[in-house]
Amino acid sequence: MGVTKTEIYKDEQNKLASLLKVLGHPARIAILQYIINQKACICNDLVEELGLAQATISQHLKELKTIGIIQGSIEGKSVCYCIDEKAWKQFQEEFNGFFNQDVNVKQCC
């Protein structure tokens, strides 16, 4: 596999691409939707909810945490996760900025 040459792109382009890559897995979307719908931190109930192995869920949580969209804290033997509201708003603004661009197609296709 070749080098992606991320340094030739703007920071905002790399950031948006990284976020889209992390969100490109349906399990991660399901995890985010579950956390959002709980309206609270979640602890150890994703395995039952999603039907995936604990190791698989842990890897998906790690990816979501690395991109900054969720945060976690250790409470005893449990690790609890919630949406990082500041990061969520920032990503929302980036998505809106990207998709709100005017597209002016001049009969090229």
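Okay, so let's start with His60, which sits in helix α4. Keep in mind that this is a predicted model. Is His60 buried or exposed? It's buried, with a relative accessible area of 7%. And if you skip residues up to four places away in sequence, what it touches is His25, Ala27, Arg28 and Ile31.

Stay on α4 for a moment, because that helix, spanning 54-67, is one of the elements that each supply at least two residues of the largest nonpolar core. That core has 18 residues. The ones with the most contacts inside it are Leu32, Ile35, Leu46, Leu61, Leu64, Ile69 and Ile70. Besides α4, the elements giving at least two residues each are α1 (11-22), α2 (26-38), β3 (78-83) and α5 (85-99). Which one gives the most? That's α2, with four residues. As background, nonpolar side chains in soluble globular proteins tend to be buried together.

If you want one residue to click on there, try Leu64. Again leaving out residues up to four places away in sequence, Leu64 touches Val22, Leu23, Arg28, Ile31, Leu32, Ile69 and Ile70. Arg28 and Ile31 are on the His60 list too.

Now, the cysteines. How many disulfides do we get? Zero. Take Cys41: the nearest cysteine sulfur belongs to Cys82 and is 3.6 Å away, and the cut-off for a disulfide is 2.5 Å, so that pair doesn't count. Turn it around and Cys82 has Cys41 as its nearest cysteine sulfur, at that 3.6 Å. As for accessibility, Cys41 counts as partly exposed at 46%, whereas Cys82, at 18%, counts as buried.

Okay, zooming out to the whole chain. We have five helices and three strands, and from the N terminus the order is α-α-β-α-α-β-β-α. The radius of gyration is 17 Å, while the globule rule gives 13 Å for 109 residues, so the chain is more spread out than a compact globule. If you prefer a box, the C-alpha atoms fill roughly 55 × 35 × 25 Å along the principal axes.

A few bulk numbers to finish. Of the 109 residues, 23% count as buried. The chain exposes about 8300 Å², and carbon and sulfur atoms supply 53% of that. And for contacts between residues at least 6 apart in sequence, 52% join residues at least 24 apart.

Key: Residues numbered from 1 in each chain as written. Predicted model: local features only at pLDDT ≥ 70, side-chain atom pairs only at ≥ 80, totals over all residues. Heavy atoms only, no water. Buried < 20%, exposed > 50% of the residue type's maximum accessible area, 1.4 Å probe, protein only. Core = buried A, V, L, I, M, F, W, Y, C linked by side-chain atoms within 4.5 Å. Contact = heavy atoms within 4.5 Å. Rg over C-alpha atoms; globule rule 2.2 N^0.38 Å. Areas by Shrake-Rupley, 256 points an atom, 1.4 Å probe, with all protein chains shown as cover.
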